[in-house]
Amino acid sequence: MTELLNGKGLSLVPKTDVKQTLKDFKSDQEVRWCPGCGDYAILAAVQSFLPELGLRRENIVFVSGIGCSSRFPYYLNTYGFHSIHGRAPAIATGLAASRPDLSVWVITGDGDALSIGGNHLIHALRRNVNLNILLFNNRIYGLTKGQYSPTSEVGKITKSTPMGSLDKPFNPISLALGAEASFVARTIDSDRKHLQSVLREATAHRGASLVEIYQNCNIFNDNAFEQLKDPEVRDDITVRLEHGQPIASASKAVVRAANGGIEVVARDSVSDDQILVHDAHNPDPSVAFALSRLDEPAFEHVPIGIFRQIDRPAYDTLMAEQLDEAVGSAGPGGLSELLLGGDTWRIG
Amino acid sequence: MTKQVQQLDRVIIRFAGDSGDGMQLTGDRFTAGTAEFGNDLSTLPNFPAEIRAPAGTLPGVSSFQLHFADHDILTPGDAPNVLVAMNPAALKANLGDLPRGADIIANTDEFTKRNLQKVGYATSPLDDDSLSEWRVHAVPLTSLTVKALEDFDLSKKDAERSKNMFALGLLSWLYHRPTEHTIKFLEQKFAKKPDIAKANIAAFQAGWNYGETTEGFSVSYEVKPAQLPPGVYRNISGNQALAYGLIAASVQSKLPLFLGSYPITPASDILHELSRHKRFGIRTFQAEDEIAGVGAALGAAFGGALGVTTTSGPGVALKAETVGLAVTTELPLIVVDVQRAGPSTGMPTKTEQTDLLMALFGRNGESPVPVVAPMSPSDCFDAAIEAARIAVKYRTPVMLLSDGYLANGSEPWRLPEIADLPDISQDFTTAPNGEDGTFLPFKRDADTLARPWAIPGTPGLEHRIGGIEKADGTGNISYDPANHDLMVRTRAAKVAGIDVPDLEVDDPDGDARVLVIGWGSTYGPIAAAVRRIRKSGGKVAQTHLRHLNPLPANTGEILKRYDKVLLPEINLGQLALLLRARFLVDVISYNRVRGLPFKAEELAGVIQDVIDSD
C-alpha cells in the first residue's frame, strides 16, 4: 500500500533474531484501569502487534503524559517514561531527536494532548519528529473523575459543566492536518484488526504519525462512539479510507461537491467514476482536511483510516545532517582550538 | 605641537548614545584593543530592552562602560573618568554618575533644539555653566565624520552612521590603543560591502587624526599593560564562557550535549553560541516554549545525553514542574538561569540575584536541587563544568545561577590547560543489579546515593520511570507511606551529601573581626571594596559562596568565627534568610535592587560602617 514509505520508519532501529510474542511485551505490573475500559483493548492490540515489528525490545520507548491512558508505559516491558501533564511530546522530541535508533511512542489522551499539551503536540507534528503518537480520545477527563474535555461535544453535562459545556471542541484530525502533520489516522479501540493495520502504517512511517483512537470510557462517558460499534448502524456511519480506493460503502459515497468541497451522497445516486478516490499521499492536505470534517455536525459520517501520509524528512535526520555537515566541512570540534579561537594574547 | 602624554594606572570610559548609535559595538572594539594591549579590564554593557526606543529619548540610551588598568581589577568601575555622549539624552542619563573633573566628549551636532527639548533641556548645557564641574570637549562628531567621508559614494545618512567609529578613533588616540585590530575587524565585518568597510575605517582614522591635530585635546594618556599571571589570555563574556563551559562539560563527560532552549533575555546568547558548534556533536533545539525546552533536554538525558536548558527567571518559573520530574526520576539535567530583574517581566536587560530562593525551593513537594553560582564572567566556564559534574555523578538536575551582569560583562580570561580540566565522565549501567538478574532502577550507589543510569538500547535493563512516587529499589509505582517518607529523605540526603569544596576565607592577617560573605556575581565589587578597606588600614575578612546547595560543610563554622557577618546581595536578603535559618547567625544584610551591580565605593562604605559600629 505504501511502496514509497514502507519499512523506512524503522530502518534505523536494530532488529532482533529472537522470535517475540505478546508475553515478551507484558511488564510484571498489574493493570489498573477500570474494568471495561477501552484502554485494555488498545493495550492488548499494541502488545500483540509489537512482536510483528521484530525490533530489539530495548530500543522501544513509550513516553506518556498524565491521564488514564498515560499509565500505558508501565504495562509494557520496554523502556518507558511516564512524565507530566501534556509534556510527553516535548520529552519524546528530545529523546527521538538525539536517538534515531529508537522506536519512540507517545501515549496521550484528549485532555493531555489537546488541552494542557496542545502546544507541544502541534510543534512535534510540524517538526515531523520521529514519533508514533497514539491519542486516546474518549471525549472526557477520566482520571480527574469526569470533567468535559477539549473534544467533548458542545452542551456536554459534566461535573464542571452542570448547565452544559460552552466550548467548541477540537477535531484532532483537522488540528493535526493544520499543524502540518505528515501522517494522520483514526481508528477505534474495539476494532483490533483495523487498529493494528493503522499501527503498521504508522510505524512504517518515518516522522511524526498521529493516530487518533476512539476509546470508550465506560465510567464517565460510556458509549461515546457506540454508533461506530453497533452492528446495526456502524457500516452506515463509518467511512473507510484506504489509499487508492474509492471512498464508498454499500450505502453511500464521497464525491466532489458543487461548491468545491466534498459531500456524502447515496451510493446508488452516483456512478463509480464520480466517487472520490482516496489519495493519502497527496501533498495538498485540503481533501484530507475536508474528509476530517465529514463527521460535522452530527457524527453522521465518520471517516476511519489514514487521512494523510506524505514523505517528509524526519527532524532527527535533518538535525543529524547538520552535525555531519559541520564535521564534514571543518572536522570534529576540539576544545583547545575552541578556546584559542578568539583574539588571544600571551603574558609571560 | 608636541602633545603631552600622561601616565595613568587605570581609566573608566563610558560610551553612551542612542540605541541605534552602535555604542555596544564601539565598546566591544575598544575592549578588544585594550585586551590586545595587555591591560586588565572589566566591562559593563547597559542597554534598554527595546530594540529601538524612540530616537533621542532617555529610555533609548544605551551605554557601555569599560574599566582598564595596569594592575588586576575586579569590577567595571564605579564612576567613569570619561563620558562619550553622542546626544543630549546620553549626557542627561549619565551625568549623575560622573565625578567632578571627569571628561565629557559631547557630540555637538546632536545638541539641536529638538533633541534638547526631547529630554527637557531648555538651553544647551554645552552653552551655559551647568557643566562647569567637568571638562567638556565639544566635538561635532557627526559633521566631522560626514566631512571625512565626502569622497565616498555614500548618502549623508550612511556617512553619519560611521560616527561611532570616528568616536572610537578619537578615544583610541586619547588612550594610545592599537588600531590594527579594529581595522582588520571592520574589513572582516563588512567583507561583502567593501565600500562600507572603507568608509568605517576612514571614519575611525579621521577620529584618530582629529585627536592628534586638534587643540581641543592637549593631553593623551597611557595605561601600561598589567602584570597578570603568565598564560594565554582572551577576553570573554559570561554567556560565552558559560557556553564554552557546557561544551567542555560535554567533552569531559563524554556525553553528547543536547540544549533545549527558548529565546529569552539575557540568556539567548548561550543558545546562539552553542548552535554554532555542531562540530562537537551538539544538538541545539529552539523549542516552542520554555517548558518544551526543558522537557526535550530531560528526554535527551533519559536517552543518555548531557541535557541542558538555558533561560532567565520567567523561564525557570515555567520549567519548575519538569525540574521536579527530573528530581524524582533522578536524571542529570542542567538548568541555566541567567537572572534578570523581576518579578514577572521586570527589567529584562538589568541584573539581579533574586532567583536564589526560586532555584532552591520553587517547586512542589520536597524537591531538592543543587545550586551553583559563578562569581565572574570567566568563572562561568568552570561553574558550568562543575554543574555538569554534579548532575552526572549524582543523577540530578542542577541549577546554574548566572545573571545579566556576568552574562554581558567581560574580562580577560587566562585559558585553562585542557589537560587540567576534570574528567567528569560516569559509566552508564549495562548489567542487571538485582539478585536474580533483574534490574532495579532505584537501587542506589552506597556512597553517592545516585541511582543507576541505564539508557534505552541497553538489553535486559528495560524499565519504567515517572513522576509518580517510586518504590525504593524497583521503581514501581508505590503509594506506601513508609516508602514515600524514605524516598523523600533519600533524595534530600543525596543532594545534601554532594561533595563540594570547603569555603576558603581571605583574611591576610588573620585577625579581622568582620566577615563579608557573598555569592555569585557580587564577588568583584565585594573584593574591590575589601581591598579599599585594607588599603586604608582596615581589617576585614572575605569569603564567597559558589555552591548554594549544598553549602560547604564548614560554612557554619566560618560564620561563627567572626563577630559580625555582612552579606551584600542584589535582592532583599535571600541568602541571609538561609544563613540565619541554617546557622542561627545574626547576618547583617545590605541590599540594593536597582538592576545594577554594586559599586566598590558603596560597599567599602558599608563595610567600614560595620567595622566602626559596636
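Me: In this predicted model, how far apart do the C-alpha centres of domain 1 of chain A and domain 2 of chain A lie?
Reply: Let's find the two parts before we give the distance. Domain 1 of chain A takes in 8-243 + 278-328, while domain 2 takes in 245-277. Their C-alpha centres lie apart by 28 Å.

Me: Which elements give two or more residues to the side of domain 1 of chain A that touches domain 2 of chain A?
Reply: Start with the contact itself: 13 residues of domain 1 of chain A are in contact with 11 residues of domain 2 of chain A. By class, the domain 1 side has six nonpolar, two polar and five charged residues. The elements that give two or more residues to that side are α7 (234-237), β7 (238-241) and α8 (286-292) of chain A.

Me: Over to chain B: which element gives the most to the side of chain B that touches chain A?
Reply: There's plenty to look through here, as 58 residues of chain B are in contact with 52 residues of chain A. Several elements supply at least two residues each on the chain B side, including α1, β9 (231-237), α9 (238-253) and α11 (290-302). That side divides into 31 nonpolar, 17 polar and 10 charged residues. With nine residues, the element that gives the most is α11(B).

Me: Which residue in β17(B) does H82(A) stand opposite?
Reply: Look for a place where strands from the two chains pair. Strand β2 (residues 79-82) of chain A and β17(B) pair in the parallel sense, over three bridges. In β17(B), the residue opposite H82(A) is G466(B).

Me: How many of the 15 residues of α1(B) are buried?
Reply: Helix α1 of chain B covers residues 23-37 and reaches 21 Å from its first C-alpha to its last, close to the 21 Å expected. Its buried residues include M23(B), R29(B) and F30(B). The helix is largely enclosed by the rest of the structure, because the number of buried residues is 11.

Me: And what is the phi of G38(B) near?
Reply: G38(B) is the residue that follows α1(B). Its phi is positive, near 105°.

Me: Last one: is D18(B) buried or exposed?
Reply: D18(B) is found in strand β2 (residues 10-18) of chain B. Leaving aside neighbours within four places in sequence, its contacts include A55(B), V61(B) and M86(B). A residue needs 20 or more other C-beta atoms within 10 Å to pass the cut-off. D18(B) has 22 C-beta neighbours inside 10 Å, so it counts as buried.

Key: Residues are numbered from 1 along each chain as its sequence is written. Chains are lettered from A and ligands numbered from 1 in the order in which they are written. This is a predicted model: local features need pLDDT of at least 70, side-chain atom pairs count only at pLDDT 80 or more; totals for chains, interfaces and linings use all residues. Domain bounds come from an automatic or database domain assignment. Two residues are in contact if their C-beta atoms, placed from the backbone, lie within 7 Å. Helices (H or I, at least four residues) and strands (E, at least two) are DSSP runs, numbered from the N terminus. Ala, Val, Leu, Ile, Met, Phe, Trp, Tyr, Cys and Pro count as nonpolar, Asp, Glu, Lys and Arg as charged, and the others, Gly among them, as polar. The expected span of a helix is 1.5 Å times one less than its number of residues. A residue is buried if 20 or more other C-beta atoms lie within 10 Å of its own, exposed if 12 or fewer, and partly exposed in between; C-beta atoms are placed from the backbone. Two strands pair if DSSP finds at least two bridges between them.
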